[in-house]
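Trainee: Could you take one part of this protein and go through it slowly with me? I would like to see how a single element sits within the whole.

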Amino acid sequence: MILFDTHGHLADSAFDPDRAQVLQRLQASGVACAMVVADPCESIPNEEAVRALVTERHDLYGAIGVHPQNASGYSDAVETVLRRYLAMPEFICLGEIGLDYHYDDAPSRDVQQRVFLRQLALAKELRLPAELHIRDAHGDATALLRELFRNNALPQCIMHCYTGSWESAQGYLDMGMYISLSGSVTFKNAPKLKEIARKLPADRILIETDCPYLAPVPLRGSRNEPSYVAHTAACIAEIRGESPEAFAQQTFENALRVFGLPAPGAHCDC
């Protein structure tokens, strides 16, 4: 089985005690490639830690962007940082970016939308895909994205850790987006996600861990890590009536396509 964990936070302090062992398990579990996410506006900026990881290993790639919860920190100087890292060959995606209306203490909706649009424009300019974090904001997100799509100003987008409705998913698919599912799809109380997993077109589905969060069943409640994406793949394959190996191969090929990566054998040591 060959797997691509398309979104995770391996530079998170949760991995400080045993990161080397986590990376060994990643390789042993069939995870041929994994995306590691950086955010220069985190309370403790982590872009250098991510850079060290993705330049040291051939099975890791970097994404960098300002999360909507950190949108108040966005500035011209921050955009310069994003540009510097996205010019490096190991950084192949802008993200995670988007809208998050879940928390009362989050930046205002106007600020989030302004920063979201600015980063989408940057992704379009740099011809890079963008990983989107949309939480409790699918109405506004769809409206903004549709306007860009109509004007041919929308970059290739991935709905990361998707938890919206099938109706919203159809709208995103109509705009050419990919939908990435996390360990949440394995939870017993997730019938909506199981429906989406069953209905998604084979060539638009991706899988991720979003580690260290959202560990899949049967490891729910523990710290998540890239090797656990195999459980998510097996669950979705069963929902879709496919073999785990075939589903893993399909999602791996989808990831190579959306990230503009060559077939196995180049930077990704698969």
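Mentor: What follows begins with the whole chain and then turns to one helix. Please keep in mind that this is a predicted model, in which the secondary structure comes to 9 helices and 8 strands. The radius of gyration is 17 Å, close to the 18 Å that the globule rule gives for 270 residues, so the protein is as compact as a globular protein of that length. Of those 270 residues, 56% count as buried, and among the contacts with a separation of 6 or more, 74% are between residues 24 or more positions apart.

With that setting in mind, let us look at helix H8, which runs over residues 229-240 and therefore has 12 residues, reaching 17 Å from its first C-alpha to its last, where 16 Å is expected at 1.5 Å a residue. Its buried residues, meaning those under 20% relative accessible area, are Val229, Thr232, Ala233, Cys235, Ile236, Ala237 and Arg240. If you ask what these buried residues of H8 pack against, the partners include strands from several places along the chain, namely E1 (3-8), E2 (31-38), E7 (178-181) and E8 (205-207). Two helices also belong to the list of partners, H7 (191-199) and H9 (244-258). Finally, you can follow the chain out of the helix, where H8 is followed by Gly241, a residue whose phi is positive, near 70°.

Key
Residues are numbered from 1 along each chain as its sequence is written. This is a predicted model: local features need pLDDT of at least 70, side-chain atom pairs count only at pLDDT 80 or more; totals for chains, interfaces and linings use all residues. Side-chain values use heavy atoms; hydrogens and water are left out. Helices (H or I, at least four residues) and strands (E, at least two) are DSSP runs, numbered from the N terminus. The radius of gyration is taken over C-alpha atoms; the globule rule is 2.2 Å times the number of residues to the power 0.38. Buried means under 20% relative accessible area, exposed over 50%, partly exposed in between (1.4 Å probe, protein chains only). Contact means heavy atoms within 4.5 Å.
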